[in-house]
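Thanks for sharing this one. Here are a few friendly notes to read alongside the coordinates, point by point.

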Amino acid sequence: MIEIIPDREGQVLRKGDGDKSAPMVCDKKSTAGSVSQRACVFCGSRVVLYPISDALHVVHGPVGCAAYTWDIRGSLSSGAQINRNSFSTDLREMDVIYGGEKKLTAALRQLIDRYHPNAAFVYSTCIVGVIGDDVEAVCRTVAAEKGIPVIPVHSEGFKGTKKDGYRAACEAVATLLGTGSTEGIKPHSINILGDFNLAGETWIIRDYYERMGIQVVTCITGDAKIEDIRRAHGAKLNLVQCSGSMTHLAKMMEEKYGIPYKRASYFGIEDMSAALYDTAKFFSDDPTIMERAQNLVREEVGKIYPQLQAYREELQGKKAAIYVGGSFKAFSLVRALRLIGMQTAVVGSQTGGKEDYEQLAEICDPGTIIVDDSNPLELAKFVLEKDVDLFIGGVKERPIAYKLGVAFCDHNHERKEPLAGYLGMLNFAKEVYSSVMSPVWQFVPRRRLQHQHSAFVTTPVKKQHPVDPCTQTLEEK
Amino acid sequence: MSNAIPAAVSACASCNSLDCNPGTCSSRNSESDSETLSVASPIETIAAPFSASADDITAATRNACKVCTPLGACLAFRGIEGTIPLLHGSQGCSTYIRRYLISHFREPIDIASSNFTEDTAVFGGASNFKTAVKNIRRQYQPEMIAVATTCLSETIGEDMNRLFHEYMSENWEEGHPQMIHVSTASYRGTHIDGFHAAVRSAVEALAVTGTRSRRINLFPGMVSAEDLRYLKQILTDFGLPYTLLPDYSETMDGESWAEYEKLPSGGTPIKAIQATGSAQLSIEFGLTLRGSKTAASFLEERFGVPYRPLGLPVGLRETDAFFELLGTASGRTVPSKYRQERGRLVDALVDGHKYVFGIRAIVYGEEDLVVGLAAFLLEIGVEPVLCASGGESGKLAEAIEAVRATPARKSAARMEIRSGVDFAQIAEQAEELKPDFLIGNSKGYKIARKLNIPLIRVGFPIHDRIGGQRVQHIGYRGAQQLFDQIVNALLERKQELSEVGYSYL
């Protein structure tokens, strides 16, 4: 029997069971011992900044943080790929005792000389926050010496949650804004914020906007180069996709450069189309933009609709669980699933905000479980309770689903298939379909009562340790 | 937490003499194999750092050929029955380690965290620790909570002995899970050091004295789940009661579930760890562990359990040494099943010898795996032109010397042995060495891709293929699989490069 930790009870909501007035508890540190699926501040910063491919990314700390994150993203670059390396100051005991500043300085000098980046980001890890290295001073020195921006990122793991890491990343990006020329930027121009060009998604989205006659100045940070970021302040509108990570930057840009921002999502037909129409509306001074948007949507939807209908026929009525990093993506997924006939029974995120969860509750069906900062035991419990046919999540959720014999769709930063845009919707449906309809589920224990030969059917008792004279028990001959 | 126990003096694996240098032991070869000779090898070994321009980057690690200590500790603890690892530190450590392990094993691995905050970092982790233990007990009902301290808690000087003591004095009750601790600051050593330290900490905390039994303690090191299953079969076939620690053969490569198993079944029973103190013998794989404080050295020191270090049994000769030792310990001859496996292996080595002779390989990974693979490659005629590891035990070259007994040819390529290197350095050197294939974990893929040569995926992690946990490395069967894989990869390469496109090789 799996129960919810009392400290976390407010972070689980069942839509429609009585106390609707009780707001969802969120935005709090994970409870110790809860096996949260969240990572840390460093993770938040890294997720945002690493796609900048012509920059050097140096993780200042012991080797782990850099090693675990070596080239794990699916963020593609059209040019430099320095970011696909893992650089660490690999601090040792003596560095911890005497301080890591010297080593960091030397590392930056050597790496900049070798890789010729256009900027360097220096990520502070937990330990740097404790030993008190003056990372800012080191960055200033090296920047002056090498003539490129060397930007400290305050991402000490324990100083908050992943969201604080996003914030630190936004602050780092902000130091570059306004330092480049805005020449050639047209009146109908945007920045795409919070898309990371996973499997080339930024390129898909960029193409749509360009077909509408809108100039995409910069994507922060999908396929971004330092020069692009320097001139991003010249755009007329910011479109914020991953709102959890990028709203802070959008607000800063609004304040400093007067650039308004809008939320956008590129997952699913509805949200993708809404994003294009919203942008067209913003540039209403040129009605041909809206016209082109409508044509584009018609054309793109027409291309994928027949195939989606085919998937829908067979997926109709199946149930899904969603657990993702940011909650904004969850809305789109709920709608995208609906489009292919599937119902969302469980939905949650690592770092959703109060408003996000309220909105989620609005769009979900009664009985849906909504959860913040969940853990493997809870997720397993919900999956079994709702008897879902599909789980949408990331690397850490995948084995939970598979172990329990549930289909799975990878909707994370490692993905190798684009899931954004119209093409992405088709890919998404195809991936869901290929997992849900696989014949392998008939063999898993969850379904075996219907399918297994009686010779294999055992009462579901906890498996015994193998019994033979030489096992690791105390009975010795 | 470890006490100041002096390094154990270990006996030579071949002659059991405490004074013997295993690398030059005269018993080693005469005992094991009549088909090889023991000749001091004239092959030049370079243990000094590579001196090309590649080493102008000295202050940074680029694409590390290692990960951090707590990962090894978590994996080892996961191989103890009913045990959940608890990382005392930041949330991120637990999450990153989980995902790294999941991507290799493709199994759930729940690792709890005490989830430090800024306050914790200033005032200490006592309160978080207590909350964590309380929540873990409630959620998981474990038999044991195994605590590993990360770089953060180590650096703020968390006194775990006091913390344990305080916690226990307030919370001890009948049925409370066992609690053990290992210190795994990530600025000290690599994942393999964390692994061995965790194994030692379990034995230190749990082993008890008793009447000497026939039991064998086997500390296999960080091998695959398939390797562990094979080892259990071997010990069973020799009729030996044993403690295999750790044993994640089921916990990290288990069956499909009907219900979520909070703590997957399997793992070394705690009782079996307690019994290690009264065993007849400890066997520990890993020649680079010599002189280190390990589980086996502790048991020898504290309980007088004799300690036999062996090389990781990769390849024929190292496996022979293992089987001989089991024969002696059990008083039985090697079961026919294994004699047949050995016979088939020799037969296969003959069948395929021409394909591998003189072929140049780069081998990398954890030091003891590199030692084992080097032993194997040398005995089949492959020339390991570079043996590289991110580990820094300082004993890699010595250990490779100890397993190298194949008579050397005068024309053989120079073998370089490098410790403390990263993948960027290996890549730079590979350009010059022009190897025919790489053998190691999947992180070498980029080098193989650049050089357009095969990569034989072994060890940990294998993140770009399925079944990494089922790769068998050790024993005759492991050698057989490695050999087939290497030969076939070379044949495939040859076929691909051939203009003729021979379909009959």
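**Notes on the sheet, its neighbours and one helix**

1. Let's start with an open sheet in chain A, bearing in mind that this is a predicted model. The sheet has four strands in the order β7-β6-β8-β9, and their pairing is parallel. At its edges lie β7 (215-220) and β9 (261-263) of chain A, each of which pairs on one side only. On average, neighbouring strands of this sheet are turned by 25 degrees against each other, direction ignored.

2. Now a closer look at one pairing in that sheet. Strand β8 of chain A, residues 237-240, runs parallel to β9(A), and three bridges join the two. If you want a residue pair to find on screen, try Val240(A), which stands opposite Arg263(A) in β9(A).

3. Which helix packs on this sheet? It is α11 of chain A, residues 269-282, and the strands it touches are β6 (189-193), β8 and β9 of chain A. The direction of α11(A) makes about 165 degrees with that of β8(A).

4. Further along chain A, have a look at strand β10, residues 319-324. Is β10(A) mostly covered or mostly open? Five of its six residues are buried, so by the cut-off of 20 or more other C-beta atoms within 10 Å, β10(A) is mostly covered.

5. β10(A) has parallel partners that are worth tracing. Six bridges link β10(A) to strand β11 of chain A (residues 343-349), and in that strand Gln343(A) is the bridge partner of Lys319(A). Three bridges connect β10(A) with strand β13 of chain A (residues 390-393), again in parallel; here Ile322(A) stands opposite Ile392(A).

6. The connection between β10(A) and β11(A) deserves its own point. Together with helix α13 of chain A, residues 327-339, these two strands make a β-α-β unit, and the unit is right-handed.

7. Over in chain B, please look at helix α3, residues 91-105. This helix has 15 residues and reaches 21 Å from its first C-alpha to its last, close to the 21 Å expected at 1.5 Å a residue. α3(B) is mostly covered, with 15 of its 15 residues buried. Arg106(B) follows the helix, and its phi is positive, near 55 degrees.

8. Finally, a word on confidence. Chain A averages a pLDDT of 92, and 93% of the residues score at least 70. Where does the pLDDT of chain A fall below 50? It does so over residues 465-470, a stretch that has 11 contacts in the model beyond near neighbours in sequence.

Methods. Residues are numbered from 1 along each chain as its sequence is written. Chains are lettered from A and ligands numbered from 1 in the order in which they are written. This is a predicted model: local features need pLDDT of at least 70, side-chain atom pairs count only at pLDDT 80 or more; totals for chains, interfaces and linings use all residues. The expected span of a helix is 1.5 Å times one less than its number of residues. A residue is buried if 20 or more other C-beta atoms lie within 10 Å of its own, exposed if 12 or fewer, and partly exposed in between; C-beta atoms are placed from the backbone. pLDDT is the predictor's confidence in each residue, from 0 to 100. Two residues are in contact if their C-beta atoms, placed from the backbone, lie within 7 Å. Two strands pair if DSSP finds at least two bridges between them. Axes are lines fitted to C-alpha atoms, for helices over the stretch in contact, and angles run from 0 to 180 degrees between N-to-C directions. A crossover is right-handed if, with the strands pointing away from the viewer, the path from the first strand over the helix to the second runs clockwise.
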